[in-house]
Structures are given as C-alpha cells and as structure tokens.
Amino acid sequence: MHYMVVERFRDRNARAVYERARDQGRMLPGGLEYVSSWVESNLERCFQVMRTDDPALLREWAAQWDDLVEFEFVPVIASSEAAALALGREGQA
C-alpha cells in the first residue's frame with residue numbers, strides 16, 4: 001500500500017529537519033520504503049509517498065521525527081485503480 005505523508009514542520013523549522021536528515025538519514029525501519037517527496041516552496045510542509053504493507057511502520061518511523069514534524073498519513077491508490085473502482089467493470093480494459 002502507498003501512503004501520502006504530509007509533514008508540517010513544527011515552528012516552521014525546516015532547517016532542524018534537514019540537519020537531522022543530513023546527520024542521521026531518513027531512519028526508516030525495515031519494510032518501509034521511501035518513494036519520492038516534494039516540499040512546499042515556503043518550506044512549511046513536505047509531501048512524501050511511502051510504501052509499506054504494515055502501517056504500524058509509519059508510526060514507528062514518525063516517532064523518531066515527532067519532535068520536529070507533525071504527520072498526517074493518507075492511504076492512496078493509483079489513478080488507474082481509482083478509475084477501475086469508480087467505473088466498475090465497464091471501465092476496465
């Protein structure tokens with residue numbers, strides 16, 4: 001399953017987040033895979049896509065960053081999967 005992770009940098013302190021990432025890496029537990037990320041141009045939020053079969057790993061990972069980041073986890077599916085679900089069998093090729 002893929003998750004959209006919305007990170008809000010506490011106190012708008014992106015510097016502290018990037019310093020920790022530089023010094024300690026992403027600190028991902030086994031079974032949690034980073035896919036990609038984008039950051040708001042004002043450096044207030046980061047949007048990441050992560051992949052895991054165990055959503056508890058997201059919370060385990062977030063606990064290492066909780067002092068610097070507020071997290072929101074949103075399970076997401078690919079647009080093609082959404083279209084197939086929304087249209088039913090008639091929309092499947």
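**Entry 1. Strand β1 and its partners**

I began with Met-4 and found that its bridge partner in β3 is Val-49. The model I am reading is predicted. I then looked up the pairing as a whole: β1 and β3 run antiparallel and are joined by seven bridges. Further along, I noted Glu-7 opposite Cys-46 of β3.

I turned to the pairing of β1 with β4, which is also antiparallel. I read eight bridges for this pair of strands. As an example I took Val-6, whose bridge partner in β4 is Glu-72.

**Entry 2. Strands β2 and β3**

I looked up how β2 meets β3 and found six bridges in an antiparallel arrangement. I picked out Val-39, which has Cys-46 of β3 as its bridge partner. I had already met Cys-46 opposite Glu-7.

The two strands β2 and β3 make a hairpin, and I read five residues between them. In that turn I checked Leu-43 and noted a positive phi of about 60°.

**Entry 3. The sheet**

Which order do the strands take in the sheet? I wrote down β2-β3-β1-β4, an open sheet of four strands with antiparallel pairing. β2 and β4 are the edge strands with a single partner each, so I find one side of each without a neighbour in the sheet. I noted an average twist of 20° from one strand to the next.

I next looked up helix α2, residues 56–63, and found that it packs on the sheet. The strands it touches are β1, β3 and β4. I recorded an angle of about 165° between the direction of α2 and that of β4.

**Entry 4. Salt bridges**

How many salt bridges does the structure hold? I read eight. I followed up one of them, between the side chains of Arg-8 and Glu-72, with 3.6 Å from N to O. I noted that this pair links distant parts of the chain, with Arg-8 in strand β1, Glu-72 in strand β4 and their positions 64 residues apart. I had met Glu-72 before, as the bridge partner of Val-6.

**Entry 5. The largest pocket**

I looked up the largest pocket and recorded a volume of about 210 Å³. I read 14 lining residues, and those closest to the centre are Glu-7, Val-17, Ala-21, Arg-26 and Gln-48. Glu-7 is the residue I had listed opposite Cys-46.

Which elements each supply at least two residues of the lining? I listed β1 (2–9), α1 (14–24), β2 (33–39), β3 (45–51) and β4 (69–76). I noted that α1 gives the largest share, three residues.

I last sorted the lining by residue type and wrote down ten nonpolar, two polar and two charged residues.

Technical notes:
Residues numbered from 1 in each chain as written. Predicted model: local features only at pLDDT ≥ 70, side-chain atom pairs only at ≥ 80, totals over all residues. Heavy atoms only, no water. 1 Å grid on protein atoms, 1.4 Å probe; cavity = no way out; pocket = protein on both sides within 12 Å on 5 of 7 lines; lining within 4 Å. Points joined across faces, edges and corners; volume = space filled by probe spheres on them. Nonpolar A, V, L, I, M, F, W, Y, C, P; charged D, E, K, R; others polar. Pairing = 2+ DSSP bridges. Axes fitted to C-alpha atoms, helices over the stretch in contact; angles between N-to-C directions. Contact = heavy atoms within 4.5 Å. Salt bridge = Lys/Arg side-chain N within 4 Å of Asp/Glu carboxyl O.
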